[in-house]
Amino acid sequence: MKIVSLYSRFISCLAVANAAVTWTATPFSPPAFPLAVRSPYLSAWLPQGSGAALNDVWPTFWTGQILGWAGFVKVDGSAFSFLGAPNVPGAAFNKAVQKSSKFTSTQSVFVLSAGPVNITITFLSPVEPTDLVKQSIPFSYMAVSAASTDGAPHSVQVYSDISAEWVSGDNSLIANWSTTTGSIITHQVQLATPVPFSEINDHTQYGSAFYSTPNTASATFQSGADVVVRAQFINSGALPNTRDTNFRAVSNNWPVFALAHDLGAVTASTEPVVFSVGHIRDPVIPYIVANGAIQQRHLYAWSQFSSPADIISSFLGDYNNALAIAQAFDAKVQNDANKISADYTGIVELSIRQAFGTIEFTISKNANGSFNANDILVLMKEISSNGNMNTVDVIFPAWPLFLYTNPAIGKYLLEALFRYQATGQYPNKFSIHDLGARYPNATGHNDGNDEHMPVEESGNMIIMSLSYAEKTGDHSHIQQYSALLDQWTQFLIEDSLIPANQISTDDFAGPLANQTNLAIKGIIGIRAMAEIENMLGNTAKAANYSAIASDYVRQWQTLSASSSGQHLTLSYGNSSSWGLSYNLFADKMLKLKLFPESVYAMQTAWYKTVAQPFGVPLDTRHTYTKSDWEIWTAGIMTDTAGRDLFIGAVKRWASDGLSSQPFGDWYETTDGRPQGFRARPVVGGHLALLVL
Ligand SMILES: *[C@@H]1O[C@H](CO)[C@@H](O)[C@H](O)[C@H]1NC(C)=O
Ligand SMILES: *[C@@H]1O[C@H](CO)[C@@H](O)[C@H](O)[C@H]1NC(C)=O
Ligand SMILES: *[C@@H]1O[C@H](CO)[C@@H](O)[C@H](O)[C@H]1NC(C)=O
Ligand SMILES: *[C@@H]1O[C@H](CO)[C@@H](O)[C@H](O)[C@H]1NC(C)=O
Ligand SMILES: *[C@@H]1O[C@H](CO)[C@@H](O)[C@H](O)[C@H]1NC(C)=O
Ligand SMILES: *[C@@H]1O[C@H](CO)[C@@H](O)[C@H](O)[C@H]1NC(C)=O
Ligand SMILES: *[C@@H]1O[C@H](CO)[C@@H](O)[C@H](O)[C@H]1NC(C)=O
């Protein structure tokens, strides 16, 4: 991770001033609700802050840039807005009144009252970890249903549109669009001058956005200027099925792409009308292979579908099934996480879509042009800290999510890193930091000038490789890449007991020599390699590495101790320093029992004495902390009170109303303010307690 200049921009736009929440919020009020979050470029959120309703503000991209997405209903001839914050001169409407909000692992659900009718809006971003076709489809659902609240029938029409803000980070660029009708109405929008693999303000600059709904008898559509199209619906409850062909800039009389349904006379709750929103690029990733050649990679879904229309037809047609699968997944997560606590369940539920929304599932093509569905790589965007790809120390904190949902996803993330380094083009003896400085260009670092985190990344790669092999029994990685793993182990043997001056994953805190927590990582890495050598049948090597790790632990206990004997230091010899020793979590996760229980007991007692209102600071250099490391540290506590101290703190931060950003992992422990990171994959680490 690395802080870039964007940091100051994030800080300046935190916490919008909203009224307090006036509705029922289950399980709690988050900083931002995921609305359509499936990929680094399909990432729409409701920035709720301390209490913005679904129709108080516009949905935003994860950066905070507006994504036009509006919704209206008409009830007995009166119009109400339910989504977004549109201004429609010359057309009268009221705001529906939000009654409840709810999020689960897969859905954000809002109930708003519009006169004598309840409108329920369900935003479903499927999480399908074991179905790579479905998981690789960058689409999300919005389903809208209505129910009379007074027992009498009421006439209801439903409308929604998206703007062209979904296809660029620069609203002055020219978009073009088309609308197709058949069994489905689909609006397709793209830039008139796309630039493959490029970004502006983190938005991709090529590919198309799609907004679709089933073409039922009552369905209508329109493209045109926002105020014209919205007024059309507000005034007449239907759209004229017309197309605006005056292609223009995103912000030039804001072209919008609208769909409407007439639900007729509504009494009991209706079947929902379903909309799908998505964004497709092809190819998705240029990936460096041998000799600096570039391989184009495509979404996994193309192994099954031949066109966007095919994908949309399958996706929309699958809504009921997708909802049932989502409900089963939600129930499993709730059941597992509730064994820890209700607070913990909420944290996990808020994290899952966000973490899955940072990765893409890709395949390559065979020489004859057919797709090779067996060649799977998963690519991850670091998001907000910077745009690095498959950052090892970002995959690592997120690892519990993959271990819990489908360890093969972890394998495909690591494969992208292993395969590149096995070509021999990366020149350093320690593990690479990332696959490319800027998503989606997985072009490696042949000059060796990535952001070096030598002990951190070498330890991470070995620990994750063992974790995967243990969990699945699949030894293919440790066999195929044993030379790289051994190379990194030699580096750890040299540099992990007395770690040189270097940065760890918490690079924003700066470099430091002799980091106690980094040494833990390296020593566990050596011990993990002993396990790997055992799996490979190299028992002599295994015994040697195991003995080295044990010897290092003995020495480390002296080096890392503070003079008071009350806590581990942050760095050797500095008795007043301490930090979160979250790297011990790997000892627990891998069940190595490498570090003595007395260390765990000491840290458990210590953290209770230094906790701030929003948790235990990351270390003594600052009072900020990281939510992922808070939860990892919860996982090494020897008593429930210690564990719940960390869980309670993260829950307090996630629900304090001081941020309106997608779940941030870096925040201030004294007052619960955000520190800038948002929407990052590392919240997958909040599932740490589910994999112990
Ligand atoms: C309408 O919504 C309110 C608030 O959520 C709820 O109490 C009520 O039961 C709902 N009525 C119907 C008919 O769905
Ligand atoms: C939009 O522009 C692209 C690129 O110039 C072009 O290929 C495409 O045909 C245009 N689409 C429409 C609907 O005009
Ligand atoms: C990816 O590389 C291409 C080709 O060099 C470049 O045009 C594009 O801007 C790069 N993308 C990003 C996000 O930096
Ligand atoms: C294309 O190549 C792949 C891999 O070599 C092979 O399995 C497939 O049958 C070929 N398809 C055609 C149509 O030749
Ligand atoms: C790191 O710790 C070792 C062992 O205590 C010590 O010899 C060395 O001077 C320390 N390095 C730094 C830069 O403080
Ligand atoms: C143990 O491993 C270290 C580091 O690779 C090596 O230097 C040493 O010779 C090995 N010892 C034995 C007995 O193999
Ligand atoms: C010891 O650690 C504290 C807190 O991290 C720091 O302020 C201080 O400068 C460190 N002392 C030395 C000698 O490095």
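**Close-up views of a predicted model**

**View 1. Strand S20 and its two antiparallel neighbours.** Strand S11 (residues 139-148) runs antiparallel to S20 and is joined to it by six bridges, with alanine 143 standing opposite valine 274 of S20. Strand S17 (residues 208-214) is likewise antiparallel to S20, and here five bridges make the connection; one of the paired positions is serine 208, whose bridge partner in S20 is isoleucine 280. The model shown in this and the following views is predicted.

**View 2. The two covered faces of strand S20.** Strand S20 spans residues 273-280 and is mostly covered, eight of its eight residues being buried. In a regular strand the side chains alternate between the two faces of the sheet. In S20, Val273, Phe275, Val277 and His279 lie on one side, Val274, Ser276, Gly278 and Ile280 lie on the other, and both sets are buried.

**View 3. Helix H3 and the strands against which it packs.** Helix H3 comprises residues 226-236, and its buried residues are Asp226, Val229, Arg230, Ala231, Phe233 and Ile234. These buried residues pack against strand S5 (69-75), strand S6 (78-83), strand S12 (154-163), strand S18 (220-225) and strand S19 (255-266). Just after the helix, glycine 237 adopts a positive phi of about 75°.

**View 4. The surroundings of phenylalanine 61.** Phenylalanine 61 belongs to strand S4 (residues 60-61) and has a relative accessible area of 1%, which means that this residue counts as buried, since the cut-off for that term is under 20%. When residues up to four places away in sequence are left aside, phenylalanine 61 touches Pro40, Tyr41, Ser43, Trp45, Leu67, Asn201, Asp202 and His203. Proline 40 is separated from phenylalanine 61 by 21 residues in sequence, and the distance between their C-alpha atoms is 9.8 Å.

**View 5. Positive phi angles in the loop between S24 and H7.** Most residues other than glycine have a negative phi, and most peptide bonds are trans. Serine 384, in the loop between strand S24 (371-380) and helix H7 (392-405), nevertheless has a positive phi of about 75°, and this serine is buried with a relative accessible area of 5%. Asparagine 390 is also found in the loop between S24 and H7; its phi is positive as well, at about 45°, and its relative accessible area is 0%, so that asparagine 390 is buried.

**View 6. Two cis peptide bonds that precede proline.** The bond from aspartate 282 to proline 283 is cis, with omega near -10°, and proline 283 is placed in the loop between S20 and strand S21 (285-288). A cis peptide bond also joins tyrosine 439 and proline 440, where omega is about 5°; proline 440 is situated in the loop between helix H8 (407-422) and helix H9 (454-472).

**View 7. The shell around ligand 5.** Ile498, Ala513, Asn514, Leu559 and Tyr572 are the residues around ligand 5, a shell that divides into four nonpolar residues, one polar and no charged. A polar side-chain atom of asparagine 514 lies 2.3 Å from an oxygen atom of ligand 5. On its own, ligand 5 has 360 Å² of accessible area, of which the protein covers 35%.

**View 8. The residues around ligand 4.** Asn366, Asn368 and Ser370 are found around ligand 4. An N or O atom in the side chain of asparagine 368 is 2.4 Å from an oxygen atom of ligand 4. Ligand 4 exposes 360 Å² when taken alone, and the protein buries 24% of that area.

Definitions and conventions:
Residues numbered from 1 in each chain as written. Chains lettered and ligands numbered in written order. Predicted model: local features only at pLDDT ≥ 70, side-chain atom pairs only at ≥ 80, totals over all residues. Heavy atoms only, no water. Near = heavy atom within 4 Å. Polar contact = N/O pair within 3.5 Å; in protein donor to acceptor, adjacent residues only side chain to side chain. Areas by Shrake-Rupley, 256 points an atom, 1.4 Å probe, with all protein chains shown as cover. Nonpolar A, V, L, I, M, F, W, Y, C, P; charged D, E, K, R; others polar. Buried < 20%, exposed > 50% of the residue type's maximum accessible area, 1.4 Å probe, protein only. Helix = DSSP H or I, 4+ residues; strand = E, 2+ residues; numbered from the N terminus. Pairing = 2+ DSSP bridges. Contact = heavy atoms within 4.5 Å.
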